[in-house]
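This report describes one protein chain for a reader beginning the study of structure. Please keep the sequence and the model in view while reading.

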Amino acid sequence: MKLAQIAMMSGVLLLGACSSGERDIRLHRLQANSGKPEEFAIVPNKPLQTPPNFAALPAPVPGGANQADQTPKADAVAALGGNPARLMADGSPVSEGALISTASRFGRDPQIRAQLAAEDLDFRKRKSLFSWKIVPTDEYYDAYRSQWLDTYAVLEAFRRAGARTPSAPPADYAD
């Protein structure tokens, strides 16, 4: 009887030591525990330049872009011989303005990203309730598996409907 009580108490202590105060709801377990700064997270600014006319500088806008900030899309367009001035403020081409206005013709919610982030956080909290393991693994794909699209079922449905479909490797093809 005494040995069973000791075993039960040590089990409770072991489980209590494994838990942290706040639940980790990140489903991806991809992290570098080197304790060093991440060298790819450092983005250098463009070099500072003295403007030809200080009166022509734009007024500062809170949260707006800085002239020394990197503009990778505009830089890529310029490097490929395009005109970076033909990009909108969000980096999308001006020529896609009609597409964007058509897609949002019934209105759009400017807070959709925040709403989706909150809903995804709730989903990840629910999925991480009973997902603890002795050896941490990447649980992302298991959590979202019920939302996956069965590509071969969709391909067969399109083929049965008579739609022209591209060729695809067999379903049991292992890469």
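## Salt bridges

Within helix α4, D120 and R124 are 4 residues apart, a separation of about one helical turn. The model that shows this arrangement is predicted. The side chains of D120 and R124 form a salt bridge, with 3.1 Å from N to O. D120 counts as partly exposed, because its relative accessibility is 28%, and partly exposed residues fall between the limits of 20% and 50%.

How many salt bridges does the count give in total? The count comes to 3 salt bridges, and they are set out below.

| Salt bridge | Distance, N to O | Citation |
|---|---|---|
| D75 and K46 | 3.8 Å | |
| D120 and R124 | 3.1 Å | |
| E156 and R159 | 3.5 Å | |

The bridge between E156 and R159 lies in helix α6, where the two residues are 3 places apart, about one turn of the helix. E156 is partly exposed at a relative accessibility of 38%, and R159 is partly exposed with a relative accessible area of 37%.

The bridge between D75 and K46 joins two elements. D75 belongs to helix α2, whereas K46 belongs to the loop between α1 and α2, so the pair ties together parts that are 29 residues apart in sequence. D75 has a relative accessible area of 34% and is therefore partly exposed. K46 is partly exposed as well, with a relative accessible area of 28%.

## The surroundings of A68

K46 also takes part in the surroundings of A68. The position of A68 is in the loop between α1 and α2, the latter helix covering residues 72-79. Is A68 buried or exposed? A68 is buried, because its relative accessible area is 8%, and the limit for a buried residue is under 20%.

Which residues does A68 contact, if its neighbours within four places in sequence are left aside? A68 is then in contact with N45, K46 and L48. In the case of L48, the separation from A68 is 20 residues in sequence, while the C-alpha to C-alpha distance in space is 6.4 Å.

## Aromatic residues

A pair of aromatic rings is described by two quantities, the distance of the centres and the angle of the planes. In this structure the count comes to 1 aromatic pair. The pair consists of F123 and Y144, whose ring centres are 4.9 Å apart and whose planes stand at 40 degrees, so the pair is tilted. F123 lies in helix α4 (residues 112-127) and Y144 in the loop between α5 and α6, so the pair ties together parts that are 21 residues apart in sequence. Both F123 and Y144 are buried.

Other aromatic residues are found at the surface. Y140, Y141 and W148 make a nonpolar surface patch of about 330 Å². Of these, Y140 is located in helix α5, which covers residues 140-143. Y140 counts as partly exposed, at 30% relative accessibility.

## Confidence of the model

Since the structure is predicted, its confidence scores should be read together with the details above. The protein chain has an average pLDDT of 78, and 78% of the residues score at least 70. Where in the protein chain is confidence lowest, and where is it highest? Confidence is lowest in helix α1 (residues 2-18), with a mean of 66, and highest in helix α6 (residues 151-160), with 91. Helix α6 is also the location of E156 and R159, whose side chains meet in a salt bridge.

Definitions and conventions. Residues are numbered from 1 along each chain as its sequence is written. This is a predicted model: local features need pLDDT of at least 70, side-chain atom pairs count only at pLDDT 80 or more; totals for chains, interfaces and linings use all residues. Side-chain values use heavy atoms; hydrogens and water are left out. pLDDT is the predictor's confidence in each residue, from 0 to 100. Buried means under 20% relative accessible area, exposed over 50%, partly exposed in between (1.4 Å probe, protein chains only). Contact means heavy atoms within 4.5 Å. Patches are made of residues with over 30% relative accessible area and no salt bridge: like charges are joined within 9 Å, nonpolar side chains (Val, Leu, Ile, Met, Phe, Trp, Tyr) within 5 Å. Accessible areas come from the Shrake-Rupley method with a 1.4 Å probe; for residues, only the protein chains shown count as cover. A salt bridge is a side-chain nitrogen of Lys or Arg within 4 Å of a carboxyl oxygen of Asp or Glu. Rings of Phe, Tyr and Trp (its six-membered ring) pair if their centres lie within 6.5 Å; planes under 30 degrees apart count as stacked, over 60 as edge-to-face and the rest as tilted.
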